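Visitor: I should like to learn how to read a protein structure. Could you guide me through one?

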Amino acid sequence: MEGKGNVRPDGQGRRNRANNRNKRLVGNRYERLAADYLEKQGMRILESNYRNQNGEIDIIGMDGGYLVFVEVKYRKDQKKGDPAEAVTVYKQRRIRRVAEHYLYSRPYGGDVPCRFDVVSVLGAEVSWIKDAF
């Protein structure tokens, strides 16, 4: 195609970008809900939406003596399964790589105990799975 890069003549590119923006807004809303829930449970939130070249971690916090990396998953209903089931082995590996980068870019090094949790939001129900992977 010539002219405007990857703009498709059928307008599909614009629809995909709008859909991605909407998904990001929905994701932000439920990540904030999850962070509020975790704070009420005693976790101290350190960062939200931490990104590096390997990917993103939704929430990073301290819970007791643990540095916790949290993945948040939302579903409005169970038609597509439980939200926690969407944290695949591939996604777990990616989160671990991002967490490793985070650890070594901060004063923690390898000396702090870490945990990987999942917050599952199904409709209005919030579930916290500690040490999920």
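Guide: The discussion below treats the sheet, then the helix across it, then the cores. The model is predicted, so local features need pLDDT of at least 70 and side-chain atom pairs count only at pLDDT 80 or more, while totals for chains, interfaces and linings use all residues. Residues are numbered from 1 along each chain as its sequence is written, and side-chain values use heavy atoms, with hydrogens and water left out.

Visitor: In what order do the five strands form the sheet?

Guide: Strands of a sheet pair through backbone hydrogen bonds, either parallel or antiparallel. Strands here are DSSP runs of E of at least two residues, and helices are runs of H or I of at least four, numbered from the N terminus; two strands pair if DSSP finds at least two bridges between them. In this model the open sheet has the order S1-S2-S3-S4-S5, with mixed pairing. S1 (44–52) and S5 (125–129) stand at the edges with a single partner strand each, so one side of each has no neighbour in the sheet. S1 and S2 are antiparallel over seven bridges.

Visitor: Which strands does H2 lie across?

Guide: Axes are lines fitted to C-alpha atoms, for helices over the stretch in contact (heavy atoms within 4.5 Å), and angles run from 0 to 180 degrees between N-to-C directions. H2 lies across S1, S2, S3 and S4, at about 110° to S1.

Visitor: Which element supplies the largest share of the largest nonpolar core?

Guide: A nonpolar core is a set of buried Ala, Val, Leu, Ile, Met, Phe, Trp, Tyr and Cys residues joined through side-chain atoms within 4.5 Å; buried means under 20% relative accessible area (1.4 Å probe, protein chains only). The largest has 17 residues, and Phe69 and Phe116 are among those touching the most other members. H2 supplies its largest share, five residues.

Conventions:
Buried < 20%, exposed > 50% of the residue type's maximum accessible area, 1.4 Å probe, protein only.
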